[in-house]
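Hi everyone, thanks for coming. Let's bring the structure up on the screen and walk through a few parts of it together.

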Amino acid sequence: MRPLYNLPTLLLGLFVGVSCRGITTREVGRQLFLSRRVVTEAAEFDGGVLVGSNGVIESVLTRESIDALLRNGDSSLQVFDGGNLALMAGAVDSHVHVNEPGRTSWEGFVTATRAAAVGGFTTIVDMPLNSIPPTTTLENLKIKAAAAKEEVFVDVAFWGGAVPGNEKEYPRMIEAGVVGFKGYLIDSGVPEFPHLEVEDIGPVFSALDGAAVVLAFHAELNDSRITTDCDNEYCTDPYLYNTYLATRPEALELDAVSLLVEYIEAYDVHVHIVHVSAEGVIPILEEARQKRLMKGNSRWRGGVTAETCHHYLTLSSEQIPPGHTEYKCSPPIRNITNKEKLWQYIEERRFDLITSDHSPSVASLKGPNFLTAWGGVSSVQFGVSLFWTEAKARGYSLSTLSHFLSAGPAKLTGLQRKGFLRPGYDADLIYFDPDASFVVTPEIIMYKNKISPYMNRVLQGQVVYTFLRGQLVASSGEVFEGPLGELLLSPAVLFN
Ligand SMILES: [Zn+2]
């Protein structure tokens, strides 16, 4: 591990008890984090962040205010000067499949949160499926929380699952602190998490009408073109990516979202579409949002939001080689024209956030056949750099990164102390070097199964330090002993 003092920057103070591996003391006093580039979702300036001994941001300061503060001389204040490294709010990934318990060989809380920490993600939100049991009841949420407790290196919040007939569980799960519920309109890929048929959708909306949590959908509809056997007119060669792509055309997404619009109009429920791949989804959602706003709906973005993922913004179908199912996910990565349209929506702020949809599996479930391979791309560790690689080349600011990777996911999930550099928020901070670059190799991957469509790619921008509530948890690809993460759930409900 690189020692702390081996920085391109100046350390004006030292952290008490912070060291690499094995040091257990974590006493941290009042701290001042400095940077020539403090970046918020809306601005960039020379200044710093003052953090209380409780790990909460006291104030965000300009350089002038800091100079005055330092002149007044608080000898107990610990100062960390990141120099030209950008100081930003820790990123939030609201779409991560951890899979523990039950499929822990695919991913576990230790590996997923260590990967998140080195990648600058200070909060992840776990998806309700692929673990066994799935998070579809309060009891199952307790089982998952017990598995995660004392294993997390960053903070972890949880989605609940919306499956046919589990509406009675919603109130107690909301009380326990889930950020919302996610349902599928198409086969989920695992038998213990059934999808919602059309007749199941109304009861879900009805149960959540007026609730303060989000109802998220995997929005594709079942279609006769979907197959795992290469035995119909659409299938020529199952080892070619385009064979898989043809089985999940854009229409599946458009039809699903069009179906949901009826319910958006009828109920006051915040509807969020996860992992939008087909660009045509966005205009449909915008029309639904506009109707709600015209009626005076006061929810954030009219309670109609959408995310896309790093793989849709980074990759395109044309570049996917035969047999390379590490690129397979659903909905699928589409062509370059579609990708450019997604970037236009980023430019126009018509998406609300960007996630990884980190959905790993063991290598044996991948294999070279695109029709039978597990669909899921792993990237919880690399989101900040993946986004910055494309965004930098397109001339975007670091504030754009903060907007989509920190503020947006925190707003969506209602995590009121996360995602922003603001007084009263947790001091979840990263120092980011936007000019650094690195190569993705198996050696640097910290999530469990070292599978990635980005292997051997050069990514731009590197997270150098990650702080969770003011405490250093990762530095230059190394994670400190901990784990210091917390489960963002109600302890009164879960552990009594
Ligand atoms: Zn997912």
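**A walk through strands and helices**

Let's begin with a pair of strands: S16 and strand S17, residues 471-475, run antiparallel and are joined by four bridges. To see one spot along that pairing, find Tyr465, which stands opposite Ser475 in S17. The two strands make a hairpin, with two residues between them. Look at Arg469 in that turn: its phi is positive, about 45°. One thing to keep in mind as we go is that this is a predicted model.

Now, S16 has another partner. Strand S15, residues 429-439, pairs with S16 in the antiparallel sense, over eight bridges. Here you can find Leu429 standing opposite Phe467 in S16. So how many of the 11 residues of S16 are buried? The answer is nine, so this strand, residues 458-468, is largely enclosed by the rest of the structure.

We can ask about burial in a helix too. Helix H11 covers residues 383-393, and eight of its 11 residues are buried, so H11 is also largely enclosed by the rest of the structure. Among those buried residues are Phe387, Trp388 and Leu386, along with Gly383 and Ala391. After the helix comes Gly395, with a positive phi near 85°.

Next, please turn to the open sheet. Three strands form it, in the order S6-S7-S8, and their pairing is parallel. Which strands sit at the edges? They are S6 (91-96) and S8 (155-158), each pairing on one side only. From one strand to the next, the twist averages 20°. Between S6 and strand S7, residues 121-126, there are four bridges, and Asp93 has Ile124 in S7 as its bridge partner. Lying across S6, S7 and S8 is helix H12, residues 398-413, which runs at about 55° to S6.

Last stop: two helices side by side on our list. Helix H7 (residues 250-266) packs with helix H8 (residues 281-294) at an angle of about 5°, and their axes are 9 Å apart. Why call them roughly parallel? Angles under 35 degrees count as roughly parallel, and that makes H7 roughly parallel to H8. On the H7 side, the contact includes Leu254, Val257 and Val261, and on the H8 side it includes Ile284, Leu285 and Ala288. Sorted by class, the contact has eight nonpolar, one polar and four charged residues. Glu253 of H7 and Lys291 of H8 are among the residues that make this contact.

That's my tour, thanks for listening!

Terms used:
Residues are numbered from 1 along each chain as its sequence is written. This is a predicted model: local features need pLDDT of at least 70, side-chain atom pairs count only at pLDDT 80 or more; totals for chains, interfaces and linings use all residues. A residue is buried if 20 or more other C-beta atoms lie within 10 Å of its own, exposed if 12 or fewer, and partly exposed in between; C-beta atoms are placed from the backbone. Two strands pair if DSSP finds at least two bridges between them. Axes are lines fitted to C-alpha atoms, for helices over the stretch in contact, and angles run from 0 to 180 degrees between N-to-C directions. Two residues are in contact if their C-beta atoms, placed from the backbone, lie within 7 Å. Angles under 35 degrees count as roughly parallel, over 145 as roughly antiparallel, 65 to 115 as roughly perpendicular and the rest as oblique. Ala, Val, Leu, Ile, Met, Phe, Trp, Tyr, Cys and Pro count as nonpolar, Asp, Glu, Lys and Arg as charged, and the others, Gly among them, as polar.
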